[in-house]
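Please open the model in your viewer and keep the sequence panel beside it, so that each selection can be followed in both. The tour goes from one selection to the next and says what is there.

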Amino acid sequence: MLASLSCHGDIDNWFLIFSYLDGTLYPLSSGLAEQVKKNIQEYMLQKLGIPEAKVPESCFSLYKTYGTTMAGLKAIGYDFDYDDFHAFIHGRLPYDMLKPDPVLRGILLSLPVPKIVFTNSDKVHASRVLHRLGLEDCFERVISFETLNSSNEDGNEYKPSSTGIFDFYEYIRRPDSDILLPRTPVVCKPFQDAFEKVFDMADIDPQRTLFFDDSLRNLQTGKSLGLHTVMVAASRRATGVDHALESIHNMKEAFPELWEANEKPESVECS
């Protein structure tokens, strides 16, 4: 499993991308992701006036179709401020559910290769999460919603359709292949344009980059673009994914070359 890294030359020229936060840098069992989902559904109900009976199914299906529920809401015609959405969703989160992770901190700080966080979340949320975990100084860069959507983060470049709100709820209940779904103005995972933006911004060679995520969709896109993919919180490797880790804490056991390169100047040969 590890020979594939060694075959690409000097390990110390590699790059690591940690995708998202929930499920990758901290476990889903923390409960924070469930709170995020509840807040999104409350926003749909309270701020956008979506009928309560339609909210859960619409929330999930928009996420599956557009990468994030917010991206989907924008696509189907809802006009709202990005900052207002993020403040509502993340501003009331119980971040004390997250605890410092000194073990992961030690692993990341000892890792002699550049590391970034790539998240669909806004920068304030990412900063708060990393602070609670004690990992705020472990990464060279955090690429967030604002980074990917710098040209339209205030919503000024996007105008909702004059035809009103697209009936997405009706569409998902009775899909019609002849109906063309509206596009979203939001750049986000799991779509290729988001990854390509990250490669360009961080000057990343995907062929020399390990990509950690717990989402199969994100990993499949990353794999198609040349990234070496690692599924986190998985006991078995999924089809089309290069590696699997039961925990992010197992990085050093899974990829010892990343540390050995710093300790041994001689090159590591393929087995």
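What follows is a walk through a predicted model, beginning with its sheet and then turning to some of the helices.

**The sheet**

Begin by showing the strands alone, and you will find an open sheet of six strands in the order β3-β2-β1-β4-β5-β6, with parallel pairing. At its edges are β3 (141–143) and β6 (243–245), each of which pairs on one side only. From one strand to the next, the twist averages 25°.

**Strand β1**

Next, select residues 15–19, which form strand β1. Which strands does β1 pair with, and in what sense? Four bridges join β1 to strand β4 (residues 209–213), and the two run parallel; four bridges also link β1 with strand β2 (residues 115–118), again in the parallel sense. To see individual partners, pick Phe15, whose bridge partner in β4 is Thr209, and then Ser19, whose bridge partner in β2 is Phe118.

Now turn on the side chains of β1: Phe15, Ile17 and Ser19 point one way, while Leu16 and Phe18 point the other way. In a regular strand the side chains alternate between the two faces of the sheet. Because five of the five residues of β1 are buried, this strand is largely enclosed by the rest of the structure.

**Helices on the sheet**

Keep the sheet visible and add residues 192–202, helix α10, which lies across β1, β2, β3 and β4 and runs at about 150° to β2. Then add helix α11 (residues 216–224), which packs on the sheet and touches β1, β4 and β5 (228–232), its direction making about 170° with that of β5.

**Helices α6 and α7**

Select helix α6 (residues 102–110) and colour Leu104, Ile107 and Leu108, which are buried. If you look down the axis of α6, these buried residues fall within an arc of 95°, so they line one face of the helix. An α-helix has 3.6 residues a turn, so residues three or four places apart point the same way.

Move on to helix α7 (residues 123–133), where the buried residues are His125, Ala126, Val129, Leu130 and Leu133. They lie on the same side of α7, because they cover an arc of only 125° around the axis. What covers these buried residues includes α2 (32–46), α5 (82–90) and β3. On the face turned away from the buried side, select Lys123 and His131, which are exposed. Just after α7, stop at Gly134, which takes a positive phi of about 75°.

**Ser58**

For the last stop, centre the view on Ser58, which is placed in helix α3 (residues 55–66). Is Ser58 buried or exposed? Ser58 has a relative accessible area of 7%, and is therefore buried. Its side chain reaches the backbone oxygen of Lys54 at 2.8 Å. Leaving aside neighbours within four places in sequence, the residues to display around Ser58 are Met44, Phe168, Tyr169 and Ile172, with which Ser58 is in contact.

Definitions and conventions:
Residues numbered from 1 in each chain as written. Predicted model: local features only at pLDDT ≥ 70, side-chain atom pairs only at ≥ 80, totals over all residues. Heavy atoms only, no water. Buried < 20%, exposed > 50% of the residue type's maximum accessible area, 1.4 Å probe, protein only. Polar contact = N/O pair within 3.5 Å; in protein donor to acceptor, adjacent residues only side chain to side chain. Contact = heavy atoms within 4.5 Å. Pairing = 2+ DSSP bridges. Arc of directions from axis to C-beta. Axes fitted to C-alpha atoms, helices over the stretch in contact; angles between N-to-C directions.
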